[in-house]
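These are my notebook entries on a structure with more than one question in mind. I looked up its surface, its folds of chain and one patch of charge.

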Amino acid sequence: MSNAGSDLAARLMGDMDPELLDFLKTKVNSFIKWDLVRFFYENPNSTDTAENVARYVGRDASAIEAELGELVGTGVLERHRVGDLTVYSLASDTNMRKLVDQFILACDDRQFRVKAIYHIIRGMR
Amino acid sequence: MNERMKTGITGLDEMLGGGFLPETANLVEGAPGTGKSTLGMQFIANGILHYNQPGLILTFEEFPQQYYRDAEAFGWPFRDLEKADKLRVIMTSPEVSQADLEHVGGRIESLVREIGARRILVDSLSHFERVASSPIELRTAVFGFVNALKREGLTTLLTRESAALIGEGDLGEEDVAFLMDSFVMLRYVEIDSAVRKAVLVLKVRGSDHAKDIRQFEITTTGIEVRSKFEGREGILSGSPHRMAESFVEAFVRR
């Protein structure tokens, strides 16, 4: 990335809440994860299989399985076995739930969204 | 005598002989738009707001936001009730909820304990057809499911969509309606070129109930059951006629 590009990134991220910036960098670092986090924010009591979650968020099951696993790894979601089924739900940890709430509410602000999108695209390169 | 779980719906409790019996499974069936989900939401909302009985909504179809919006339109503050730990709206699938209820300490059991739930709306039972390959398998699955909810001490209202928009639907020998403790039917009827709605309590196991077919309306505050259809017959066919006409048809025009 050029110096000009790095400067722009630094300026865009500079005034972002450090906690949310970290959340973006380490947890919601793809658009699929963003969709999944939004889904579980809107459905905090949902517990379902990867196939069904994929159907709800309008994505392919094969595409979201790994992303769900990574969200489990970073503590955003929890994975359980129910009989023969593997199901996912939002983490029960209060602090993580607060962080998810904070992130989704921050997304109501267009400026924040633009910065978050920029950050994700940058991370995908 | 057992205390009844009142729906709080004007006219319906009287039809049910006072309300649903506690810890029973109760089926409400009707065509799309007849008001099944509204009736279910009203059962849950009134339980919380008027009888201090927290409730769960288990949805296989709509996202929770849809319930919040619909409930808001009737003046039932579902979002606030969730915040106050009186309500939980759970979106899941029949196969997961069925497996969940078979295990001690499952998600539904935890939520029942967490808010002290006494009522549950399952919307809708029609989705169980997806997990069963035959009517017998469906009946077994539903039997296990409703028994698990009873075990949790819940009074359950299950909705089911009927195929017929107007008129009667068929109940096969393996129909899950036979597993239910009560069966309420909602129907569209055509009278004088206008579509009206009718409610009939087909059965309440172990209790007397109204046998007549009554009109109901969905008002700004929910469902209100009104008077019965006077002087008409053939209501369940969807196109009732005046009794005098049928009398003439049967006895005079021969």
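Entry 1. I began with the term accessible area, which comes from the Shrake-Rupley method with a 1.4 Å probe. The model I consulted is predicted.

Entry 2. I looked up the surface of each chain. Chain A exposes about 6,400 Å², and carbon and sulfur atoms supply 50% of that area. For chain B the exposed area is about 11,400 Å², of which carbon and sulfur atoms again supply 50%.

Entry 3. I turned to chain A. I found 7 helices and 3 strands, and I noted their order from the N terminus as α-α-α-β-α-α-β-β-α-α. Chain A has 125 residues, and 46% of them count as buried. I then took the contacts between residues at least 6 apart in sequence; in chain A, 64% of these join residues at least 24 apart.

Entry 4. I made the corresponding notes for chain B. Its secondary structure comes to 8 helices and 11 strands. Of its 254 residues, 56% count as buried. Among contacts with a separation of 6 or more, residues 24 or more positions apart account for 67%.

Entry 5. Which residues gather in a patch of negative charge on the surface? I recorded Glu61(B), Glu62(B), Asp70(B) and Glu161(B). I followed Asp70(B) further and placed it in helix 3 of chain B, which covers residues 64–73. Asp70(B) has a relative accessible area of 33%, so I entered it as partly exposed. A patch admits residues with over 30% relative accessible area, and the 33% of Asp70(B) satisfies that cut-off.

Key:
Residues numbered from 1 in each chain as written. Chains lettered and ligands numbered in written order. Predicted model: local features only at pLDDT ≥ 70, side-chain atom pairs only at ≥ 80, totals over all residues. Heavy atoms only, no water. Patch = residues over 30% accessible without salt bridge, like charges linked within 9 Å, V, L, I, M, F, W, Y side chains within 5 Å. Salt bridge = Lys/Arg side-chain N within 4 Å of Asp/Glu carboxyl O. Lys, Arg positive; Asp, Glu negative; His and termini not counted. Charge placed at Lys NZ, Arg CZ, Asp CG, Glu CD. Helix = DSSP H or I, 4+ residues; strand = E, 2+ residues; numbered from the N terminus. Buried < 20%, exposed > 50% of the residue type's maximum accessible area, 1.4 Å probe, protein only. Contact = heavy atoms within 4.5 Å.
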